[in-house]
Structure formats: structure tokens, C-alpha cells
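Reader: I have a structure here and a list of terms I only half understand. Can we go through them?

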Amino acid sequence: MDSLATVIVAMLAGSLRVSTPFLFVSLGECLTEKSGRINLGNEGALVLGAMVAYATSYETGSPWCGVLAAAFAGLLLGGLHGAICSMTRINDVAMGIAFMLAGTGIAFFFGKPYVQPSAPLLPGIPFGFWLESPRFANALMVSPLFILGVAAAFALHWFFRTTRMGLRIRIVGDSQDAALALGLPINRTRLLATGCGSALAGIGGAFLSLCYPGSWNEGLSSGQGLMAVALVVFARWNPINCVYASLLFGAAGALGPSLQTVGFTWGYYLFYAAPYVVTLVVLIITAKGGQSLRGMPGQLSIGR
Amino acid sequence: MNDATMHAIGVEAIGIGKRFGAFNALSDVSMKVHPATVHGLLGENGAGKSTLVKCLLGYYRADEGSLLVDDKEVTIERPADADALGLGMVYQHFTLVPSMTVAENLVMARRNVPGVIDWRSELAQLEDFMRGMPFKVPLTVEAGSLAAGERQKTEIVKQLYLQRRFLVLDEPTSVLTPQEADEMLGLVRDLAHSGQLTIVIITHKLKEVAKFVDEVTVLRRGKFAGAGLVRSLGPTDLTAMMIGEPHAPADPERLGAPVNEVRLEVRDLRTANDGGRAGLSVDHLTVNAHEIVGIAGVSGNGQKDLLEVLGGQQPMQSGTIAVDGTPYGATRAESQALHVRVLPEEPLRNGCVPGMSVVDNLALRSFDRGETKTPRRWLDRAGMAARARSMIQAYGIRAPSAEVPIGVLSGGNVQRCVLARELDGVVRLLIVANPCFGLDVKAVAETRARIMAARNAGTAVLLISEDLDEIMELSDRIVVMHGGKVVHEMPAAGADPQEIGKHMLGHG
Ligand SMILES: Nc1ncnc2c1ncn2[C@@H]1O[C@H](COP(=O)(O)OP(=O)(O)OP(=O)(O)O)[C@@H](O)[C@H]1O
Ligand SMILES: [Mg+2]
């Protein structure tokens, strides 16, 4: 009985932790896709963000500076993607793969000196301070970035519905004809959405390196940046749904480690694959035949 | 905007020339539109009507000529320039954003949208504005889920909301029911005559011209062909100006009676609901050889789904479709073996590859088969070009050349291309949807004659159309659809349009 409680607590804590990078990258991807482009380069922005955040935190001693620097690195990488895709006859998916490789490559190259040293990390917020058992209290240490992510999701939802910029992004993403007829600057809008999307992905990266357990190494990301694309499909391009979808993916990701805490090691690698299995299942379910994908921006190159 | 600026403006185009490559779409065309009038712009398919108004609106840049707005020379290089002058247009294709609600579409079309939108007050204002409109469009529904007619109304409402003082309507009534069209045109005419708005309307319907238009300009093959007051011009004069001959061709002749041989049989057909719209539920439908069965119905009552299922664009959930007694699943092999052909609606989207040449598109049905129906592995380009040439000849298709992408042809010419391709060779079952949508007077007569000729030669024809006159004229038997179901069936001879109308609305 006790071990079941342990697993559940570990799952809960784990899913909050694992879901945070998913949340940021998927919000970023959602923003970009709403403007009619796909940016697979967000995986690169995630890894680069992790490296830059860790390095900045180490050099300046302030983890929050690290988070800002990560967002800025993402902004640059995404902005470059957006700028290059503004040229005619450039495919955003192919360009995204190039940026994914470039982003991780740059991060590994400049990140070498930061594998060893330990940088100051972002402190967690102890929501479990009233609990006696340190194990449970520990599980309720929530990263401030998770809260920031949830707030960002609601802000984005509001942004898409009630601001001029948000609606313009939706127009550009959904109907090029309408955007042209309204005289909207299509490429500039997409550039902005891609840049800001990657900045969010960069913050997701900062979480990977600056929150518990916190370190920088080359195996830090396990493809969250790519899985975010599936997650956005599952969330139907709705930022609030991105929160739920990230939590689901987070729970799947936390399954293996939680079972391990009670000494259940059978099928260890199998459980580690859970998020990928969830991705597959999600894509198959959402692509159920014959019906149109509701909510998909009309100008996405995969849907046209 | 205050009331002082709300007056209709006059526009004059002088000596406009526009080339697409080596092709002269317009040469030395002039049009004078007086303020506060309804001006008709007429001409055959491909005459250059859409091109001319797109030059006015900054969508294209004219190569030659000048524009006067309220007698002052202006340069319009971008749609935004036209917008700033108060010129607006409802395009032949729609420019609503499908995933946004009607209210969002309306507000975002405005020039001065606030950075943060207060939806409560905007919605209240919109509802106020909507009360003054002759037709209602739901404000909180996504534009993409509206039927074509509703979308068209929204486009017009949007222009009125933007307080345009000069408005171009490019074939605005082609997707409206006759009542809706009358109502809409009556409204815009009254707005014009009250001095608030100037209207240019592009149409092929001479009845509408006679009833709602004050003055006309007629184009023929990219050149100015005449202009004048409608009061002093009769339909014959207009037809003569448009096509260069005084008379439109006569109605097609029906030869022989339907044969009692079932070509198409549909039983218990069901399709899935999509996004809250009910699917098809057709219990029994047959088409005999030598017969035209017309399907009447208000747009959005399942006709499109039926067409998509029969054309292989949508799967069915259950039921059977048989052609000549053989089960039919609309695959390419089956349609070739059983000689089933389809003329879909919006043929550019549903029946063509817009980026491929006219030659390639005309060969889509046959490029992979030899003369003897054997599979062909190497394309016979010379043969394809020769067949395309003969089709272009026979159907009078007007294109800059047979090698241009079919997407640049005018709407009517795309329609002719698809008709030519689908009627080529042996045809045992022909399924057509809104075949005369957007065609000029002459082309309408021609197309109907070809469909009738196919029927007279023994083809079974299923005609899906939103134009009740067309159904009454062509059909041997009429079937009415409502809510995805067949609700009524009757012989066409002696059918009463009033009664059909009642069934179309679901009271029968
Ligand atoms: N972008 C383009 N490139 C090349 N040719 C074009 C282009 N747009 C139009 N054309 C050609 O210019 C001619 C005039 O076309 P336009 O669309 O103005 O005709 P229209 O009078 O509006 O006809 P319809 O009644 O069929 O709509 C057509 O022959 C068409 O093929
Ligand atoms: Mg036209």
C-alpha cells in the first residue's frame, strides 16, 4: 500500500517536472503554427536554450538571467528560421530540420566547458511545506517555470482571442488570400511568431538545465522539441489544451522513474519509451479517417 | 467615420491595358462609373471583367491607362491604397478566414482595430449594425462552417460594415437562391440610389441586369465593346454586344423517352456527421439510361456529400452503390471500366491540378491508357497535345496557350475544359454538379446542350444543381433533397416550382 502511494506521489511530482519543457515547447510551436509555419527547429532552440541558460547562470550567478538568456537565444534561432523561410521556395519543414541540427550542434560546441562546473539553479516553490513527510513535501516542490508556463498558456489563449496581433497571426496562418486582401504583412507576422515561439522553446530548455536535478550535458533533451509537434496536434492548436496534453505526456514520461523508486525495474527501458508510444497513439487517434482535423491552421504546409 | 465623408464616389478607368506574359488580357479599356449608380460590367467568360476590376482595386497593376476617383487622378498600387480611398470588392473566391467567427472576421477587416479588443462592446455594436441589414448572419459561428450562400452574404455584409463608398461585386449571386439574390441586389441598389454607395456588379444574368442595374459597360475579348443606359438597351442588344451575335442559342432539344434500364442505383447510403453537420441518409436513388435525374435542394442539404461519395472524394459508412449492376467504389479502375464521369462543382479545385498545364489536365482521365485500354507506361505527349487541341477547338476554350497552367484560365474556361474531358469517349453515367455556375449566356446554353446531347445518346445523367430553373429545364425526373435525405420525387413534366420549393425547405 505504501509503495503504491509512493508511485503515485512520484508520478505526480514527476509529471509536473517532465511536463514543463513539453509545455513551453508546445506553446512555442502552437504560436508558430498558428501563423502557418511549422518549426521543427524548436528542438534545437530547446537544447541551445538549456546550454545558454546554464552557462549564463554559471557566469553571472543568477539563474533568472540564465532563463532570459535562453529565451533570447531561442528568439535569435527562431528569428533566423523565420527570416530564411520568408524567401520563396524554402520549405519550412526542411529548414526546421537544419535548424534542429544547427541548434544542438552549436549548443554542444559552446557547452563543452560547462559540463563539469555546477551553476546556481532555480529554487523550487515548496507547496508541500505543511506536510510532515519530507518525501511528500519534496514531491510538491514546484518549479516557478511550471507556473510561468501555465500562466503563459492562459495569456496566449487570451492573446489569440482578444488582441489585434493575435488575430492577425491567426489570419495569416489560416488564409493567405484573406491576409493578402487585408494587406497584412505575411512574412513579417510569421517571422515574429516563429521568433517568439522559439524563445518559449528556449525557456523550456532553461528548465531542463536549471531546475532540479539541474546540469548541462549532451543527453539532456530526449526529443521534447519534436514531440511537441504531435502534442500541438493533440491539443488542437489550443494553448489551454497544451497544458493538459503536456501533463499527459509528462505523466507518461514519469512512469518509468516512478516505478523505479519502489524497486520495480522490470521493463525499465519499455517504460522509458512511454512518451514516444503516447505520441504515436495520439497521432493515430487524432488522424481518425474521413474527418477534417478541426482547428488546424489552413496554411500549414502539412495540411495543404 | 462621420457622415460627411459618407457619399458615393465615381470612378473612371481610361485606356487600361494589362498583359499576362504575351497575352493581352485587356487593351485600351475604358469604363466610367457615375456616383450613386449601379453599374453592370458584362462580357463573356474570359472577357477580362475580373482583371479590370482587380486593376481598379490594386490587386493587379495595369500596364497602361489611368484611374480617376471623383475626377481626380490617383495611383492604386496595392489593395491598401484602394482601401484608403474607400474602394472595396467582394471577390469571386472568398476571403473570409475560415477558422475565425463572423464577428472576428468583421472586426479584423476594419482599418482601425484597437490593440486589445473589447469583445463585449464590439459584439453589441455588431448586433446593432446587423439589425439594419436585410439578411442576418450569425455572428459567433466560425466562417468555415457556413454554407456557401451564407458566406457570400457575410462577405457583402463585411463590405457594408467597412462603409465602402464604391463596391465591386464579382458574380455575387451565383451562390444565392433567387429570393436571396433579389433581396441582396434590392438592398445594394437602394443604398446606391440613396447616395451612399456606388456599385459595380459583374454578372452573367441578364434578368438581374434588367431589374437592378442602371448603366452597363460591356467587354469582349479584352476590348471595350459598348456601354449605355440599361433603360435604352434590351436583352438582345446586350447579348449582341457581349458575344457579337444578336441571339443566344436556343434551348436544347430532348429526344426520346428514358429507357427502363437502371444505370445507377444507390441503396441505404449513410455517411458520417462532420463537425455537427448531419451526414447523408439516402435510402434509394436510381438513374436510368437515357434519363436526366435532377437533384434539387437548398445549398448545404447533402448534395455536396452525395457528389463526393459518388466521385470518390468521401468514404461512405454503409450502403451500396451499383453502376450497371456492378458494385461501384469510385476507384479509377472502376470508373474507367464502367465509364463513369464526374463534373464536380468548383472544378478548378475538385477536378483539376491547378499548377499543371491545360494539356495535362485535359488528359487526366486517359493519360495512363492506350487506344486499346491497355495500361500505358510512357506518356504519349504528342497524342495528348493533339487531343487537347481538338478539345480546345470543339469546346471553344479560350486560353493564352495550351501549355499555361489551367489555374490562370478564367472560371468559365476551366469549366469548359473539365466538361470537354469528362464527355470525351464513351460515357455511360455522368454526374454533374452546378454545371453552369459562373458561365456566360452562350456558354450556359452550350453546356446544357452538351448535357442534353449526352442524354439523347443514351447516357444516364445525375444533375445536382442549386438552380431550380436549370433542373426544370433539363431533367426527366426531379428528386428533392433536404437534410441529407431524399424527401420527394416526381416527374419533371408538369412539376410545380412552388411545390418543389416547399419540399426544398422541408415542408412537404
Ligand atoms: N494571372 C493570370 N495569368 C495569365 N492569364 C490570366 C491571369 N488572370 C487572367 N488571365 C487571363 O485573362 C483573361 C481574362 O480573365 P478574367 O478572369 O478577367 O475573365 P472574366 O471576364 O472575369 O471571366 P469569367 O466570367 O469566366 O470570370 C482570361 O483569358 C484569363 O485566362
Ligand atoms: Mg471573372
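Author: What follows is a set of short answers about a ligand site and two sheets in a predicted model.

Reader: How do you know that B:N45 makes a polar contact with ligand 1?

Author: Set the distance against the cut-off. A polar contact needs a pair of N or O atoms within 3.5 Å. A polar side-chain atom of B:N45 is 2.9 Å from an oxygen atom of ligand 1. That is within the cut-off, so the pair counts.

Reader: What makes B:S50 and B:V408 polar contacts of ligand 1 as well?

Author: The limit of 3.5 Å applies again. For B:S50, a side-chain N or O atom lies 2.7 Å from an oxygen atom of the ligand. For B:V408, a polar backbone atom lies 3.1 Å from an oxygen atom of ligand 1. Both pairs therefore qualify.

Reader: How much of ligand 1 does the protein cover?

Author: On its own, ligand 1 has 640 Å² of accessible area, and the protein covers 88% of it.

Reader: Which elements of chain B give two or more residues to the shell?

Author: They are β2 (23-33), α1 (49-56) and α14 (411-422). The most comes from α1(B), with three residues.

Reader: What makes a residue part of that shell, and how many are there?

Author: One of its heavy atoms must lie within 4 Å of the ligand. There are 20 such residues around ligand 1, with B:N45, B:G46, B:K49, B:S50 and B:T51 the closest. By class, the shell holds seven nonpolar, 10 polar and three charged residues.

Reader: Why is ligand 1 said to lie between two domains?

Author: Domain 1 (3-243) and domain 3 (356-424) of chain B both give residues to its shell, so ligand 1 lies between them.

Reader: Now the sheets. Why are β2 and β5 of chain B called edge strands?

Author: Look at the order first. An open sheet of four strands in chain B runs β2-β1-β4-β5, with antiparallel pairing. Each of β2 and β5 (72-74) pairs on one side only, and they are the edge strands. Neighbouring strands here are turned by 30 degrees against each other on average, direction ignored.

Reader: How do you know that β1 and β4 of chain B pair?

Author: Count the bridges. Two strands pair if there are at least two bridges between them. Strands β1 (residues 11-20) and β4 (residues 64-69) of chain B have five, in the antiparallel sense, so they pass. Among the partners, B:V11 is bridged to B:V69, and B:G17 stands opposite B:E64.

Reader: What makes β4(B) and β5(B) a pair?

Author: Three bridges join them in the antiparallel sense. At least two are needed, so β4(B) and β5(B) pair. B:L67 in β4(B) stands opposite B:V74 in β5(B). Their hairpin has two residues between the strands, and B:D70 takes a positive phi near 50 degrees.

Reader: Why is the pairing in the six-strand sheet called mixed?

Author: Strands can pair either parallel or antiparallel. This open sheet of chain B has the order β16-β17-β18-β13-β19-β20, with mixed pairing. One parallel pair is β13 (residues 292-296) with β19 (residues 477-482), joined by four bridges. There, B:V293 has B:R477 as its bridge partner.

Definitions and conventions:
Residues numbered from 1 in each chain as written. Chains lettered and ligands numbered in written order. Predicted model: local features only at pLDDT ≥ 70, side-chain atom pairs only at ≥ 80, totals over all residues. Heavy atoms only, no water. Polar contact = N/O pair within 3.5 Å; in protein donor to acceptor, adjacent residues only side chain to side chain. Areas by Shrake-Rupley, 256 points an atom, 1.4 Å probe, with all protein chains shown as cover. Nonpolar A, V, L, I, M, F, W, Y, C, P; charged D, E, K, R; others polar. Domains from an automatic or database assignment. Axes fitted to C-alpha atoms, helices over the stretch in contact; angles between N-to-C directions.
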